[in-house]
Amino acid sequence: MALGFGANAMFLAAYEAAYGTPPAADYRQVQLARYGVSARQNLLDNDLLGTGRDPSPPVLGAITVDGEIVVPMDARSTGFWLKGLLGPPTTAGTGPYTHTFISGAQALPSLSIQAINPDVPLYRTHSGLRIDSATIRLERENLPSATLACVAQGESIDGAIRDADPDLYTPLRFGPFQGEVKRDGALLGRVVSVELAYRNNLDRIETIRSDGLIDGAEPTLAACTGSIVVRFDGTALFDAARAGTPMELVFGYVRDASTSLLFTVHEAYLSRPGLAIEGPAGIQATFEFQGANNAVAGRMLTAILMNDVVSY
């Protein structure tokens, strides 16, 4: 029997027209750093008495299908995942194209993803998949990526690949040195790292069904949080935190004038951090932040992706 290797794995993804129903065609091959979505079904202890000390056979519980996906921060393919996180974008331009994603969508699209292990072989399709949250970290080292927490309805075992000729985005990955951070329109200096997390806080609709699946996973109150680690060289951020003064924060990557990805938190509030002096080296401070709806922008978060992709 052949062994399964991640190096040989392949992933196909497509947005669904109906929740939980895998499309018949038009899949896109997606490139991932990690794929952790899987179906699990726990065993429930049998509570019957009267047959001695040895237990009766356990009973299968409900099916849970969830896990994390790590995707590259790529100038082309990131838009595919932002559509699942924030909803379809508004696209403008004739090349480069500007795709604008905004927070607060009342409904989110669902995907089907087929995970293929050709060595075994094993073909698994996770349908009714929605993106619960995305966490992105900007730092000087390490390849930029996003961790997506996902909730799916079901997992099916297939007999073959769902699309023998899938589309594929030509990779165009952002580098760590292309990151930038702005506060109220001006570059924020001395930033060591940034973490940005957006959560849809999906509510699993766990009704009673004969197949053990959930009825759906719907977005509730969104949240945008994160942290900024800076070298201590002034009190501007401390003053804003102490006063509770909101600010606009922009995080992202700029490859060139026609290729960029920028997240704008329109109204961010900073926590007041401690300031520990750990030794003779430079002093660092970590500011936690929370986003809120901005009355002027009409939303909490905007993600703008500029590239050569016509639409998502």
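At 68% relative accessibility, Asp 26 is over the 50% mark and therefore counts as exposed. This briefing concerns a predicted model. Asp 26 sits in the loop between S1 and strand S2 (28-29), and its phi is near 60°, a positive value in a residue other than glycine. The points below cover backbone geometry, the buried helix H1, strand S8 and its partners, a surface patch, and salt bridges.

**Unusual backbone geometry**

- Most residues other than glycine have a negative phi, and most peptide bonds are trans.
- Asp 184 also has a positive phi without being glycine, with a value near 50°.
- Asp 184 belongs to the loop between strand S13 (179-183) and strand S14 (186-187).
- Its relative accessible area is 46%, so Asp 184 counts as partly exposed.
- Gly 87, just after H1, has a positive phi of about 105°.
- The peptide bond from Gly 95 to Pro 96 is cis, and its omega is near 10°.
- Another cis peptide bond joins Val 120 and Pro 121, with omega about -5°.

**The loop between S6 and S7**

- Pro 96, on the far side of the cis bond from Gly 95, lies in the loop between S6 and S7.
- Thr 94 is found in that loop too, between strand S6 (90-92) and strand S7 (97-102).
- Thr 94 has 74% relative accessibility and therefore counts as exposed.
- The C-alpha atoms of Thr 94 and Val 310 are separated by 8.1 Å, although their positions lie 216 residues apart along the chain.

**Helix H1**

- Helix H1 covers residues 78-86, and 9 of its 9 residues are buried, so the helix is largely enclosed by the rest of the structure.
- The buried residues include Phe 80, Trp 81, Leu 82, Leu 85 and Leu 86.
- Lys 83 and Thr 78 are also among the buried residues of H1.
- An α-helix has 3.6 residues a turn, so residues three or four places apart point the same way.

**Strand S8 and its partners**

- S8 is mostly covered, with 7 of its 7 residues buried.
- In a regular strand the side chains alternate between the two faces of the sheet.
- In S8, Leu 111, Ile 113, Ala 115 and Asn 117 point one way, while Ser 112, Gln 114 and Ile 116 point the other way.
- Both of these sets are buried.
- Strand S1 (residues 10-15) runs antiparallel to S8, and 6 bridges join the two.
- Tyr 15 has Leu 111 as its bridge partner in S8.
- S8 also pairs with S9 in the antiparallel sense, over 6 bridges.
- Leu 111 has Leu 129 as its bridge partner in S9.
- S8 and S9 are joined by a hairpin through 4 residues.

**The loop between S8 and S9, and a surface patch**

- Val 120 lies in the loop between strand S8 (111-117) and strand S9 (122-139).
- Pro 121 lies in the loop between S8 and S9 as well.
- With 40% relative accessibility, Val 120 counts as partly exposed.
- Val 120, Leu 122 and Ile 157 form a nonpolar patch on the surface, and together they have about 240 Å² of accessible area.

**Salt bridges**

- The count of salt bridges comes to 15.
- One of them joins the side chains of Arg 76 and Asp 308, at 2.9 Å from N to O.
- Arg 76 lies in the loop between strand S5 (59-72) and H1, and Asp 308 in the segment after strand S22 (301-307), so this pair ties together parts that are 232 residues apart in sequence.
- Arg 76 counts as buried at 15% relative accessibility, whereas Asp 308 is partly exposed, with a relative accessible area of 45%.
- The side chains of Glu 195 and Arg 137 also meet in a salt bridge, at 3.8 Å from N to O.
- This pair links distant parts of the chain, with Glu 195 in strand S15 (residues 191-199) and Arg 137 in strand S9, 58 residues apart.
- Glu 195 is partly exposed at 30% relative accessibility, and Arg 137 is partly exposed at 36%.
- Glu 180 forms a salt bridge with Lys 182, and their closest N and O atoms are 3.9 Å apart.
- Lys 182 has a relative accessible area of 26% and is partly exposed.
- A network of salt bridges links Arg 40, Asp 66 and Arg 204.

Definitions and conventions. Residues numbered from 1 in each chain as written. Predicted model: local features only at pLDDT ≥ 70, side-chain atom pairs only at ≥ 80, totals over all residues. Heavy atoms only, no water. Patch = residues over 30% accessible without salt bridge, like charges linked within 9 Å, V, L, I, M, F, W, Y side chains within 5 Å. Areas by Shrake-Rupley, 256 points an atom, 1.4 Å probe, with all protein chains shown as cover. Salt bridge = Lys/Arg side-chain N within 4 Å of Asp/Glu carboxyl O. Buried < 20%, exposed > 50% of the residue type's maximum accessible area, 1.4 Å probe, protein only. Pairing = 2+ DSSP bridges.
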